[in-house]
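Here's a quick write-up to go with the sequence and coordinates you're looking at. Pull up the viewer and read along.

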Amino acid sequence: MMTKKIVLLAHTGQVGFELHRQLQSLGSIITVSRGDVDFSDSEAVYNHIDAMAPDIIVNAAAYTAVDKAETDERNALALNRDLPQTLAKLSVAHDALLVHYSSDYVYPGNGETPWREDDSTSPQNLYGQSKLEGDLAIERTATKFLIFRTSWVYAARGNNFLRSMLRLGQEREGLNIVNDQIGAPTPARLIATVTLLCIQRILVSNKAQELSGVYHLAPSGYTSWYGFAKTIFEGARSKGIELALKEEGLGQIESSEYPTPAARPLNSRLSLDKIESAFGLSMPTWQSQLALTLDEWLEMNQS
Ligand SMILES: NC(=O)c1ccc[n+]([C@@H]2O[C@H](COP(=O)([O-])OP(=O)(O)OC[C@H]3O[C@@H](n4cnc5c(N)ncnc54)[C@H](OP(=O)(O)O)[C@@H]3O)[C@@H](O)[C@H]2O)c1
């Protein structure tokens, strides 16, 4: 396999950080972040990356402030729709593979059946709409692309539910967590590992066009935010992390009792059939992934 030139956008985010660590084995990585070019200036982004003549473009940049997006449509669309559109054009110009990340929020969020990639989309908030428009722009323009729709991303670093729970659990004796939104908590590390495996498969098989498409990327199994929190605190206690939270202090509430500016889907279950069969993968459970991430958090916070 020849060494590739990989352009990675946003290596500072949760997923971008892990990609930067893990994609090194594919070739040389050139990072592009907000200090290099204005991501909302399509022409500037095009010219900046065009000059790099990439073989692979990996886009970990996104406007991820779900509630803020409701009143900041312009910036959400610039990052989540217009940037992927520009990258799709670049991928065609350089015959490069484009890797992009999307969200469970593109689906309507009703029912209990896991979504399949070809189900109808119907985002319930502006963030979801902006992510969907990015997916559609890539599908319309690019010929070699992977769009990974993932859910509930967390890591040992960055802004995420795991870190919020560990902080709140150390500060408070009681906490109420939403129990009626169901999905799969996905560590950024797993997203990067699966991305690497899929890119390798494409390079080795030379089937970039046949394998192009939208894929769900999450661990197996589902839980609620309450179930996720409960497992985080059980794991934390078993690993000796001191908590102010009492064992009986974790309560359950419904989404209606925790109003947010942007509506959240109740059903974020993502079917993994397509990615598992196309790339010969078997996704690990969300519980095993949480245990690994807790270990990583402990390692980073013990010294
Ligand atoms: N987080 C989730 O729960 C979740 C769920 C489903 C799907 N996803 C998708 O997964 C992908 C990765 O998300 P993540 O959790 O890694 O996001 P994240 O931690 O919020 O990182 C976002 C990245 O985008 C960069 N960025 C944002 N606005 C920018 C701007 N105006 N100019 C330049 N860079 C900008 C950030 O740079 P700075 O560090 O400089 O701000 C950061 O590197 C995204 O496509 C997201 O939509 C996330």
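What follows covers the ligand site, a pocket, two unusual backbone angles and a few single residues.

This is a predicted model, so to speak with its own filters: local features need pLDDT of at least 70, side-chain atom pairs count only at pLDDT 80 or more, and totals for chains, interfaces and linings use all residues. Numbering runs from 1 along each chain as its sequence is written, and side-chain values use heavy atoms, with hydrogens and water left out.

**Ligand site**

Which residues are the closest to the ligand? They are Thr12, Arg34, Thr64, Tyr127 and Lys131, out of 21 residues that surround the ligand; a residue is near a molecule if one of its heavy atoms lies within 4 Å of it. By class, the shell has eleven nonpolar, seven polar and three charged residues. Here Ala, Val, Leu, Ile, Met, Phe, Trp, Tyr, Cys and Pro count as nonpolar, Asp, Glu, Lys and Arg as charged, and the others, Gly among them, as polar.

Some polar contacts to oxygen atoms of the ligand are listed below (a polar contact is a pair of N or O atoms within 3.5 Å).

| Residue | Polar atom in the residue | Distance to a ligand oxygen atom |
|---|---|---|
| Glutamine 14 | side-chain | 2.9 Å |
| Valine 15 | backbone | 2.9 Å |
| Arginine 34 | side-chain | 2.8 Å |

On its own the ligand has 900 Å² of accessible area, and the protein covers 78% of that; such areas come from the Shrake-Rupley method with a 1.4 Å probe. Elements giving two or more residues to the shell are α1 (14-22), β4 (97-103) and α5 (126-141). Of the elements, β4 gives the most, with three residues. Helices (H or I, at least four residues) and strands (E, at least two) are DSSP runs, numbered from the N terminus.

**Second largest pocket**

Now for a pocket. The second largest one has a volume of about 240 Å³. Twelve residues line this pocket, and the closest to its centre are Lys4, Asp95, Lys144, Leu203 and Ala208. Its lining splits into seven nonpolar, one polar and four charged residues. A pocket here is an open set of points on a 1 Å grid over the protein atoms alone, where a 1.4 Å probe fits, with protein on both sides within 12 Å along at least five of seven lines; lining residues have an atom within 4 Å of a point. Grid points are joined across faces, edges and corners, and the volume is the space filled by probe spheres set on the points.

**Backbone angles**

Most residues other than glycine have a negative phi. Aspartate 95, one of the pocket residues named above, has a positive phi near 55° and is found in the loop between α4 (73-94) and β4. Tryptophan 152 also goes positive, at about 45°. You'll find tryptophan 152 in the loop between β5 (145-150) and β6 (153-154). Is tryptophan 152 buried or exposed? Tryptophan 152 counts as buried because its relative accessibility is 8%, where buried means under 20% relative accessible area, exposed over 50%, and partly exposed in between (1.4 Å probe, protein chains only).

**Single residues**

Valine 66 sits in helix α3 (residues 66-69) and is buried, at 13% relative accessibility. Its C-alpha is 18 Å from that of phenylalanine 148, with their positions 82 residues apart in sequence. Tyrosine 215, in strand β10 (residues 213-216), is buried too, with a relative accessible area of 3%.

Glutamine 85 lies in helix α4 and is partly exposed, at 21%. Glutamine 85 and aspartate 135 are 50 residues apart along the chain, and their C-alpha atoms are separated by 8.7 Å. Serine 120, in the loop between β4 and α5, is exposed, since its relative accessibility is 60%. From serine 120 to tyrosine 107 is 13 residues in sequence and 7.0 Å in space, C-alpha to C-alpha.

Note on methods. Polar contact = N/O pair within 3.5 Å; in protein donor to acceptor, adjacent residues only side chain to side chain.
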